[in-house]
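Biologist: Please put the model on screen. I would like to go through its charged side chains and then its overall make-up.

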Amino acid sequence: MGRMFVTHLEGKFYSCKHCRTHLALCQDIVSKSFHCRHGKAYLFSKVVNVSLGKNEERQMMTGWHTVADIFCVGCGSIVGWKYETAHEKTQKYKEGKSVLERDVVTVWIPVLREIGNMDKDTTFLYCLCRTSLYFLSYKVSGPDGSNYWVSHEAHVGGSDVDDA
């Protein structure tokens with residue numbers, strides 16, 4: 001197997017709950033009114049870092065569709081499905097879009113903070129995951145004046161409950 005390249009998203013995004021692989025930007029949500037076997041699901045215009053299963057005909061709440069399950073490339077967990085074909089004319093808008101099941105994804109909100117008492121060139125990147133805050137990395141200036149991000153993930157505080 002070859003080397004796997006994973007796309008890292010910037011801004012507010014959803015990731016796999018199991019391995020934190022980035023999956024979709026919040027701005028790419030088309031609808032939050034979808035449902036799956038386990039509860040809520042969101043329709044996205046674009047997802048990344050997923051692999052497709054085989055196409056299947058499925059009877060959904062809105063009629064027959066040709067869909068393919070989608071799997072996280074990081075851990076192989078099923079994270080939702082992709083609409084390949086909608087057989088009903090009113091459902092054609094779903095074609096080519098993907099659904100992520102809410103119970104297997106986590107929303108991340110980056111929070112960039114500068115710490116006043118430290119070196120003026122040091123910036124810390126925190127990520128708010130639901131109601132938990134994670135320290136992800138900090139930016140330092142190199143000897144040539146270039147900026148570098150140094151990664152170091154640590155849980156800062158809060159509880160990891162469902163987002164509002």
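Biologist: Are D69 and R58 buried or exposed?

Modeller: This is a predicted model, in which local features need pLDDT of at least 70 and side-chain atom pairs count only at pLDDT 80 or more, while totals for chains, interfaces and linings use all residues. Residues are numbered from 1 along each chain as its sequence is written, and side-chain values use heavy atoms, with hydrogens and water left out. Buried means under 20% relative accessible area, exposed over 50% and partly exposed in between, with a 1.4 Å probe and protein chains only. R58 has 19% relative accessibility and therefore falls in the first class; for D69 and R58, both, the answer is buried.

Biologist: How far apart are the closest N and O atoms of D69 and R58?

Modeller: A salt bridge is a side-chain nitrogen of Lys or Arg within 4 Å of a carboxyl oxygen of Asp or Glu. D69 and R58 form such a pair, and their closest N and O atoms are separated by 2.7 Å.

Biologist: Which strands hold D69 and R58?

Modeller: Strands (E, at least two residues) and helices (H or I, at least four) are DSSP runs, numbered from the N terminus. The two residues are 11 apart, with D69 in β6 (residues 63–72) and R58 in β5 (residues 50–60).

Biologist: Which residues are linked with R58 in a network of salt bridges?

Modeller: R58 also meets the side chain of E56, at 3.0 Å from N to O. E56 has a relative accessible area of 31%, so it is partly exposed. The network joins R58 with E56 and D69.

Biologist: How many salt bridges are found in the whole structure?

Modeller: E95 forms one with K92, at 3.3 Å between the closest N and O atoms. E95 is partly exposed because its relative accessibility is 30%, and K92, at 40%, is therefore partly exposed as well. The search of the whole structure gives three.

Biologist: Which residue's backbone oxygen does the side chain of R102 reach?

Modeller: R102 sits in the loop between β8 (98–101) and β9 (105–114). Its relative accessibility is 6%, so R102 counts as buried. At 2.8 Å, a polar contact (N or O atoms within 3.5 Å, one able to donate a hydrogen and the other to accept it; residues adjacent in sequence count only if both atoms are side-chain atoms), the side chain of R102 reaches the backbone oxygen of V105.

Biologist: How many strands does the protein have?

Modeller: From the N terminus on, the elements run β-β-β-β-β-β-β-β-β-β-β-β. There are zero helices, and the strands number 12.
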